[in-house]
Amino acid sequence: MSLTLRTISREQHLAFIQSQPSASHCQVPAWADVKTEWRSENLGWFDKSGELVGAGLVLYRQLPKIKRYLAYLPEGPVINWYAPNLDDWLQPMLAHLKHQGAFSVKMGPPVVIRRWDSAAIKAGIQDPDVKRLKDVEATHIEPRAFEVADRLRKMGWQQGEDGGAGFGDVQPRYVFQVPLANRSLDDVLKGFNQLWRRNIKKAEKAGVEVVQGGYEDLAEWQRLYEITAVRDHFRPRPLSYFQRMWTVLNNEDPNRMRLYFARHNGVNLSAATMLVVGGHVWYSYGASDNIGREVRPSNAMQWRMLRDAYAMGATVYDLRGISDSLDETDHLFGLIQFKVGTGGEAVEYVGEWDFPLNKLLHKALDIYMSRR
């Protein structure tokens, strides 16, 4: 199958994404407007009959002082990754990006390699010899994903280190997902562990309300988010980032981004943003106050968001990144512990891959990034 690649309009790109069961929120055209510090381009792959069969959002980041760019396709491109002729898809892309002044290409194939169900993870947590997810036998292995990784290596792509782009935009390799396809909500709730079910009941009894917010509530979101940043020692994004995100994503699709609050006696205790692309729903950012934890606002909010995702016909509710550590002394352990209670599964992607078009500049970028 001979494929041609060219720049496409945002409208063409969006129409293609809408024709797919789902795609990453980092691959919708409007994501370029969220990432204002990158230049962007929409790429399309066409088959012999002229039909658009693949698309990618490329973000270009200029190297300091020179007209050369890192080309980044976060969680993309959206192509047929399992095609035996993967080369025919990626070679025209590399040629095009080189022509555009890219010295290095980074992409994140949306290809799942392994899954662990919550029973397997729990057993791993209880086993003192197990320190990481990869020490636990996977519940499901995707052989085609190994073929994809193999093909990429043969083409000269290099598997990125965990923590790749260094611009704070690197995509998580391990995520936690609750599958919703072909399940009843009752079945989903039964999959939650006892603690989660107890906490959901506790919040209900205490009269915790979960409500959706709008653009005008983002300042209140920011208040809770900044309290969280202080508590968890990270640098918060500014309010303007979330305002821009809300505006550009919901201009593209009025249901792309949602905001939720869990409140008790009229006081907001926790908040979250949700992103929606087709059948894939993400819990994106979360925030909570230091007070009111005893009424379990976060559990109530997640349960409401999951029910809303289900009502939209979502096939997966995605709680985003986890670390692969199952060691209870690790500071990131609480994250997987909270998420595993939903009865979902840990999912490993093939990770991010780099293609150095200019080996010298690629090396220079590596050194520059490691010093930051």
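Buried here means under 20% relative accessible area.

**View 1. The whole chain in this predicted model.** By that cut-off, 53% of the 372 residues of the protein chain come out as buried. The chain has 12 helices and 16 strands. Its radius of gyration is 21 Å, close to the 21 Å that the globule rule gives for 372 residues, so the chain is as compact as a globular protein of that length. If you're setting up a box, the C-alpha atoms fill roughly 60 × 50 × 45 Å along the principal axes. Take the contacts between residues at least 6 apart in sequence: 74% of them join residues at least 24 apart.

**View 2. The surface and its charges.** About 17,300 Å² of the protein chain is exposed, and carbon and sulfur atoms supply 50% of that. The chain carries 47 positive and 44 negative charges, and the mean positions of the two sets sit 3 Å apart.

**View 3. The largest nonpolar core.** This core counts 43 residues, and Ile121 and Tyr317 are the ones touching the most other members. Helix 10, spanning residues 297–311, gives the most to this core, chipping in 6 residues.

**View 4. Zooming in on Tyr317.** Setting aside neighbours within four places in sequence, Tyr317 is in contact with a mixed crowd, including Phe176, Gln177, Val178 and Leu180. Also among the contacts of Tyr317 are Met274, Val281 and Tyr283, plus Gln302, Met305, Leu306 and Ala309.

**View 5. The second core.** A separate core of 42 residues has Ala55, Tyr72, Met257 and Tyr285 among its members.

Conventions:
Residues are numbered from 1 along each chain as its sequence is written. This is a predicted model: local features need pLDDT of at least 70, side-chain atom pairs count only at pLDDT 80 or more; totals for chains, interfaces and linings use all residues. Side-chain values use heavy atoms; hydrogens and water are left out. Helices (H or I, at least four residues) and strands (E, at least two) are DSSP runs, numbered from the N terminus. The radius of gyration is taken over C-alpha atoms; the globule rule is 2.2 Å times the number of residues to the power 0.38. Buried means under 20% relative accessible area, exposed over 50%, partly exposed in between (1.4 Å probe, protein chains only). Contact means heavy atoms within 4.5 Å. Accessible areas come from the Shrake-Rupley method with a 1.4 Å probe; for residues, only the protein chains shown count as cover. Lys and Arg count as positive and Asp and Glu as negative; His and the chain ends are not counted. The place of a charge is taken as NZ of Lys, CZ of Arg, CG of Asp or CD of Glu. A nonpolar core is a set of buried Ala, Val, Leu, Ile, Met, Phe, Trp, Tyr and Cys residues joined through side-chain atoms within 4.5 Å.
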